[in-house]
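Biologist: Could you give me a close look at a single part of this model, one pocket, and then walk me out through whatever surrounds it? Plain talk is fine.

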Amino acid sequence: MIFNISHFQLEVSKGNDDIKIVLTKPSSFDGDADADYKAPNFARRFLSLFRNVRPGSDLTNFQLPPQFNIPKSQLQFVGESAYLFGKDLLYQCNNAGSPLERFISVVAWSISTTRAPAFGVAPYNPVLGETHHVSRGSLNVLLEQVSYQPPVAALHATDNKENIEFIWCQHPVPKFHGTRVEAEETGLEAELCYITSSIFGSRGLHSVKGKIYQSSSMKTLYEVEGHWNSTVKVKDINNGEETIIYDAKEVFSELKTPVVENLQRIWPTESAAVWNEVSSSILSKNWSKARDEKSSVEDNQRKLAKERNSKGETWVPKLFTVSYSKEDDWECSPIQERVPASPHCCPHLVFFDFWKSRSSW
């Protein structure tokens, strides 16, 4: 059975345990102007900081008050950028007429993964080993939080029907380098620079600029310019012709809250299950319970880390192999070749139990 929900809580009895999840509307390009949840005004959120901090307080394990959180994990945010869109840009990446047209579609899809954070609020920091597994049509997406400090999320997505695969290793860096897209087989490359602050004036806010060029000759073929929360164009250097390759309203049109399939098989490490009680409390604006539940999740993570350290154990990701260099260059490789599909085909978004279907890979 498929359950259509908005931001409601679902629960299912599983033996003596209850698995509960809370799902909210996907983030959009406008900073969630029409989201299910509206955070308290900034003044109230700011005052909540002082309730948690006193002169001489130990800030080692300082907890951001839940008033500053949106009811969603950062792991879900990363996943949404891969599987939530109104216009199917991934289809164009594999089916446009020429290699150059397909590459331009890849650039457009790369721009579509940008999400604007709502002002003054942030998603939860995923716990180590947290997972997020989703199917949309023939596209199957799997994520795992493979490191907590520093926070690193690994993503693997495959689409057997469209012959598409992509792998991300998402982690924060102290300085921004923009985005680089390349195709090894065609020699085409693109460099994109995003501006997310208003330091350059209102016209610079949310802007993206870059170029598409031939790597062998470094010859620029197209200039890229626009705003990732509205439209982005490419300009043909040869004839000056401009073409809109990305329209945010088309890409983010009709985004709906995910639906759940096979609720009884939700794995406890699923983001929506890990943070269920916190999200439920935030949505009901029960701040004291939200604070307690958030502390419970974070305290349990510290407890598990302390136990591993006392035993001399190192945590190992279950779904990815991970390596990194001293230059903070992380590499994440999926253990399995393809991400498995949901046990039941569905045109909607579905969550399902990766672990129980693993033996049939």
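Modeller: Sure. Let me start with the whole chain: among contacts between residues at least 6 apart in sequence, 58% join residues at least 24 apart. Keep in mind that this is a predicted model. The chain comes to 9 helices and 19 strands, and 44% of its 361 residues count as buried. Its accessible surface is about 19,300 Å², with 50% of that belonging to carbon and sulfur atoms.

Now the pocket. I've picked the second largest one, which holds about 810 Å³ of space. It is lined by 30 residues, and those closest to its centre are Leu128, Ser147, Tyr148, Gln149 and Gln301. If you wonder how such a space gets found at all, rolling a probe the size of a water molecule over the atoms shows where empty space is left.

Which elements build the wall of this pocket? Strand 5 (122–124), strand 7 (139–147), helix 8 (287–311) and strand 17 (320–324) each put at least two residues into the lining. Helix 8 gives the largest share, 7 residues. In chemical terms the lining is a mix: 14 nonpolar residues, 11 polar and 5 charged.

Let's follow the strand 7 side first. Gln149, one of the residues closest to the pocket centre, is joined to Pro150 by a cis peptide bond, with omega about 0°. Pro150 sits in the loop that runs from strand 7 to strand 8 (152–159). Carry on past that loop and you meet a partner from strand 9, Gln170. Leaving out residues up to four places away in sequence, Gln170 touches Pro151, Val152 and Ala153, plus Gln74 and Val78. The C-alpha atoms of Gln170 and Ala153 are 5.1 Å apart, though 17 residues separate the two along the chain. Is Gln170 buried or partly exposed? Gln170 is partly exposed, because its relative accessible area of 33% falls between the 20% limit for buried and the 50% limit for exposed.

Between strand 8 and strand 9 (164–170) there is a loop that holds Asn163. Phi of Asn163 is near 55°, a positive value in a residue that isn't glycine. Asn163 counts as exposed, because its relative accessibility is 60% and the cut-off is over 50%.

Gln170 also leads us to helix 2, through its contact with Val78. Helix 2 (residues 74–83) is mostly covered, with 9 of its 10 residues buried. Val78 is one of the buried ones, and others include Phe77, Glu80 and Tyr83. At the start of helix 2, a side-chain oxygen of Ser73 comes within 3.1 Å of the backbone nitrogen of Leu75, and Leu75 is itself among the buried residues of that helix.

Back to the pocket wall, this time by way of strand 5, where Ala122 is found. Which residues does Ala122 contact, once neighbours within four places are set aside? They are Phe68, Asn69 and Ile70. Pro71 is 51 residues from Ala122 in sequence, and their C-alpha atoms are 9.0 Å apart in space. Ala122 counts as partly exposed, because its relative accessibility is 27%, above the 20% limit for buried.

Finally, the approach to helix 8, the biggest contributor to the lining. The loop between helix 7 (276–283) and helix 8 contains Lys285. Lys285 is not a glycine, yet its phi is positive, about 60°, and this comes just after helix 7. Lys285 counts as partly exposed, because its relative accessibility is 43% and only values over 50% count as exposed. Within helix 7, by contrast, Asn276, Val278, Ser279, Ser281 and Ile282 are buried.

So, to retrace the route: the second largest pocket takes residues from strand 5, strand 7, helix 8 and strand 17, the cis bond joins Gln149 to Pro150, and Gln170 touches both Pro151 and Val78.

How values were computed. Residues are numbered from 1 along each chain as its sequence is written. This is a predicted model: local features need pLDDT of at least 70, side-chain atom pairs count only at pLDDT 80 or more; totals for chains, interfaces and linings use all residues. Side-chain values use heavy atoms; hydrogens and water are left out. On a 1 Å grid over the protein atoms alone, a cavity is a set of points where a 1.4 Å probe fits but cannot get out, and a pocket is an open set with protein on both sides within 12 Å along at least five of seven lines; lining residues have an atom within 4 Å of a point. Grid points are joined across faces, edges and corners, and a volume is the space filled by probe spheres set on the points. Helices (H or I, at least four residues) and strands (E, at least two) are DSSP runs, numbered from the N terminus. Ala, Val, Leu, Ile, Met, Phe, Trp, Tyr, Cys and Pro count as nonpolar, Asp, Glu, Lys and Arg as charged, and the others, Gly among them, as polar. Buried means under 20% relative accessible area, exposed over 50%, partly exposed in between (1.4 Å probe, protein chains only). A polar contact is a pair of N or O atoms within 3.5 Å; within protein, one must be able to donate a hydrogen and the other to accept it, and residues adjacent in sequence count only if both atoms are side-chain atoms. Contact means heavy atoms within 4.5 Å. Accessible areas come from the Shrake-Rupley method with a 1.4 Å probe; for residues, only the protein chains shown count as cover.
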